[in-house]
Amino acid sequence: MIGIKSADELQLMRESGSIAGRVRDALAKSIVPGMTTLELSDYASELMKKQGAESAFLGYMGYPGVICVSLNEEVVHGIPGKKRIQLGDIVSIDIGVRFKGYVGDTAVTVMVGVTNPEVIRLVRTTERALEAGIAMAVAGNRLSDISHAIERVAVESGFSVVQDFVGHGVGKKVHEEPQIPNFGPPGKGPVLKSGMVLALEPMINMGGHEVDIIDDKWTVVTRDRKQSAHFEHTIAITKSGAEILTK
Ligand code: MF3
Ligand code: CO
Ligand code: CO
């Protein structure tokens with residue numbers, strides 16, 4: 001069963017979503033070549049604290065970081081550390097905050113002085129795929145209409161969709177029902193209803209869709225070590241279409 005949020009819950013999720021969005025945008029702006037991913041994470045801690053929120057990821061299933069920072073061939077779940085961000089990198093930042101009991105979950109891939117046109121195309125396509133998914137997040141549609149719309153954008157651009165990680169419902173917990181694959185035929189799964197809150201998050205690869213997890217037990221990398229991009233918004237389904245809570 002997919003939870004339906006009450007009006008009061010939705011209001012709290014607007015707040016947690018907007019905090020997550022603000023942290024995301026501030027982090028994206030703060031990136032400079034030479035900084036470590038841990039420095040980025042420390043800034044995230046400071047910003048969350050200032051807004052009365054905390055990381056929803058730290059300790060989740062034993063995850064050791066405050067945010068996830070994944071560079072280039074890293075898809076998701078990169079643990080902040082000593083690695084330095086370099087000119088030409090793409091940096092995927094995934095932020096989960098908890099505020100008054102509710103989670104906001106959002107991600108962005110930032111290009112740091114990227115000039116490679118294929119990498120730029122990958123990042124733009126992934127963002128467009130998210131937008132296409134959001135456009136299908138309308139009451140009365142079925143869940144896989146979202147999945148299919150995301151996949152179409154990726155595949156039409158010649159890229160591949162990560163299959164081993166998916167979008168999800170979100171609320172008091174980071175991951176609630178349902179799982180939302182970023183691929184598949186349209187018209188399947190539960191009917192979308194007003195009050196559902198979903199985290200849509202396409203992960204799109206330059207090369208093949210296959211991924212591996214490295215020795216740190218968390219970082220997901222592309223098997224062919226080509227680049228991957230990730231964009232995510234927490235959205236609410238309302239009477240008048242999708243409302244992006246993490247704008
Ligand atoms: N990438 C996941 C999501 O956005 C959350 C990461 S959970 C963590 O749904 F524990 F790895 F942080
Ligand atoms: Co996320
Ligand atoms: Co998520």
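Which residue in β14 does Leu-200 stand opposite? In the predicted model, Leu-200 faces His-233 of β14. This pair belongs to the contact between strand β9 (residues 197–200) and strand β14 (residues 233–238), which run antiparallel and are joined over four bridges. Leu-198 likewise has a partner in β14, namely Ile-235.

The side chains of β9 are divided between two directions: Val-197 and Ala-199 point one way, while Leu-198 and Leu-200 point the other way. All of these residues are buried. β9 also pairs with strand β7 (residues 167–169), again in the antiparallel sense, here over two bridges. In this pairing, Ala-199 of β9 is the bridge partner of His-168.

These pairings form part of an open sheet of five strands, in which the order is β8-β7-β9-β14-β15 and the pairing is antiparallel. β8 and β15 (241–244) are the edge strands, each pairing on one side only. From one strand to the next, the twist averages 30°. Strands of a sheet pair through backbone hydrogen bonds, in either a parallel or an antiparallel arrangement.

The loop between β8 (176–180) and β9 contains Pro-186. With a relative accessible area of 43%, Pro-186 is partly exposed, because the partly exposed class covers values between 20% and 50%. When residues up to four places away in sequence are not counted, Pro-186 touches Ser-144, Asp-145 and His-148. Pro-186 is separated from Asp-216 by 30 residues in sequence, and the C-alpha to C-alpha distance between the two is 36 Å.

The model also contains a metal site. The cobalt ion (ligand 2) has as its protein donors Asp-94, which is listed twice through OD, Asp-105 (OD) and Glu-232 (OE), at 2.0 to 2.5 Å from the ion. Along the chain, the donors follow the spacing D-x10-D-x126-E. Asp-105 bridges this ion and the cobalt ion (ligand 3), and the two ions lie 3.2 Å apart. Asp-94 is located in strand β4 (residues 90–99) and Asp-105 in strand β5 (residues 102–111), so the pair ties together parts of the chain that are 11 residues apart in sequence. Asp-94 has a relative accessible area of 8% and is buried. Asp-105 is also buried, with a relative accessibility of 2%. Both assignments follow because buried means under 20% relative accessible area.

A helix pair was examined as well. Helix α1 (residues 7–30) and helix α2 (residues 37–50) have axes that come within 10 Å and cross at roughly 145°. The crossing of α1 and α2 is right-handed. On the α1 side, the contact involves Val-23, Ala-26, Leu-27 and Ser-30; on the α2 side, it involves Leu-40, Tyr-43, Ala-44, Leu-47 and Met-48. By class, the residues in the contact of α1 with α2 comprise eight nonpolar, one polar and no charged.

Terms used: Residues numbered from 1 in each chain as written. Chains lettered and ligands numbered in written order. Predicted model: local features only at pLDDT ≥ 70, side-chain atom pairs only at ≥ 80, totals over all residues. Heavy atoms only, no water. Donors = N, O, S within 2.8 Å, 3.2 Å for Na, K, Ca; no water. Buried < 20%, exposed > 50% of the residue type's maximum accessible area, 1.4 Å probe, protein only. Pairing = 2+ DSSP bridges. Axes fitted to C-alpha atoms, helices over the stretch in contact; angles between N-to-C directions. Left-handed = near helix turned anticlockwise from the far one by under 90°. Contact = heavy atoms within 4.5 Å. Nonpolar A, V, L, I, M, F, W, Y, C, P; charged D, E, K, R; others polar.
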